[in-house]
Amino acid sequence: MSEDAQNKWTEHKMLQPRIEKVVVNLNIGKSGEPLEKASRVLNEISGQTPYKAKAKKSIRDWGIRQGEPIACVVTLRREKGIDFLKKVLPVIDNKLSKRSFDEIGNFAFGLKEHIDIPGVKYDPEIGIFGMDVCVSVNRPGQRIKIRRKQTKHVGKKHLLTSEESMEYVRQTLGVEIV
């Protein structure tokens, strides 16, 4: 698969997979000071200002009201996303499960503690946060499927499979698929 895929990718540039975006989500579940601390942590780790995601509906038992900010999210695109992944993947020992990949090649994983990331020090004032990392992998030309004007259909041969995505991640990021 790897040699065949590599030949196919070098012959046709439009078939070369790429990391489109990396979304880092720190879900706190409540607004106020804990969310501000999480926002500072995410800003420090990613180098970008996070936006605050709001609750979609009220859950009385948990004390969440609709429209209340409960999470902070950062979207890193292209090179920034790859650099972030190279910094974060050693935390999980550069191993991903096959189940982490969906049928179109995207994958996700979680971190239990942000202080495991190299270069991040523990601050007792801030505390420890876990985070979810979702990575979108696709090929050039996929944008025509999601753009606002003149959306078009993308053929089955051009869609990325989970096996191709695994191979691409294995080659570019040095990740072991378990």
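For the classification of residues used here, Ala, Val, Leu, Ile, Met, Phe, Trp, Tyr, Cys and Pro count as nonpolar, Asp, Glu, Lys and Arg as charged, and the others, Gly among them, as polar. On this basis, the lining of the largest pocket comprises 5 nonpolar, 5 polar and 7 charged residues. The structure described is a predicted model. Within that model, the largest pocket holds about 330 Å³ of space. Its lining consists of 17 residues, and those nearest the centre of the pocket are S136, N138, Q142, K145 and I146. Strands β1 and β6 each contribute at least two residues to this lining.

The overall architecture was considered next. The protein contains 4 helices and 7 strands, which follow one another along the sequence in the pattern α-β-α-β-β-α-β-β-β-α-β. The C-alpha trace spans about 55 × 40 × 25 Å along its principal axes. Of the 178 residues in the protein, 38% are buried.

Strand pairing links several of these elements. Strand β1, formed by residues 18–27, runs antiparallel to strand β6, formed by residues 131–138, and 7 bridges join the two. Within this pairing, V23 is positioned opposite C134 of β6. Strand β1 also runs antiparallel to strand β3 (residues 69–77), again through 7 bridges, and here N27 stands opposite A71 of β3. Strand β6 is in turn joined to β5 by 5 bridges, and these two strands are likewise antiparallel. In the β5–β6 pairing, L111 has M131 of β6 as its bridge partner.

Strand β5 (residues 107–111) shows a division between its two faces. The side chains of F107, F109 and L111 point to one face and are buried, whereas those of A108 and G110 point to the other face and are not buried. In a regular strand, side chains alternate between the two faces of the sheet. L111 thus combines a buried side chain with a bridge to M131 in β6.

The cysteines were examined for disulfide formation. A disulfide is a covalent bond between the sulfur atoms of two cysteines. The model contains 0 disulfides when sulfur atoms are required to lie within 2.5 Å of each other. C72 takes part in no disulfide, as the nearest cysteine sulfur, belonging to C134, is 14 Å away. For C134, the closest cysteine sulfur is that of C72, and the separation of 14 Å is too far for a bond. The surroundings of the two residues were also assessed: C72 has a relative accessible area of 0% and is therefore buried, while C134 is partly exposed, with a relative accessible area of 39%. C134 is also the residue that stands opposite V23 in the pairing of β1 with β6.

A set of polar contacts centres on E20, a residue of strand β1. E20 counts as buried because its relative accessible area is 17%, under the 20% limit. The side chain of E20 makes a polar contact of 3.2 Å with the side chain of R18. A polar contact of 3.2 Å also joins the side chains of E20 and R78. R78 belongs to helix α3 (residues 78–88), and with 38% relative accessibility this arginine counts as partly exposed. The contact between E20 and R78 therefore links a buried residue to a partly exposed one.

Backbone geometry is notable at R78 as well, where phi is near 50 degrees, a positive value in a residue other than glycine. A positive phi, of about 60 degrees, also occurs at D93, which is not a glycine. D93 is located in the loop between α3 and β4 (95–96). The aspartate counts as exposed because its relative accessibility is 58%, over the 50% limit.

A further loop residue, H158, is found between β6 and α4 (162–173). H158 has a relative accessible area of 19% and so counts as buried, the limit being under 20%. Between H158 and E103 the C-alpha to C-alpha distance is 14 Å, with 55 residues separating them in sequence.

Key: Residues are numbered from 1 along each chain as its sequence is written. This is a predicted model: local features need pLDDT of at least 70, side-chain atom pairs count only at pLDDT 80 or more; totals for chains, interfaces and linings use all residues. Side-chain values use heavy atoms; hydrogens and water are left out. Two strands pair if DSSP finds at least two bridges between them. On a 1 Å grid over the protein atoms alone, a cavity is a set of points where a 1.4 Å probe fits but cannot get out, and a pocket is an open set with protein on both sides within 12 Å along at least five of seven lines; lining residues have an atom within 4 Å of a point. Grid points are joined across faces, edges and corners, and a volume is the space filled by probe spheres set on the points. Buried means under 20% relative accessible area, exposed over 50%, partly exposed in between (1.4 Å probe, protein chains only). A polar contact is a pair of N or O atoms within 3.5 Å; within protein, one must be able to donate a hydrogen and the other to accept it, and residues adjacent in sequence count only if both atoms are side-chain atoms.
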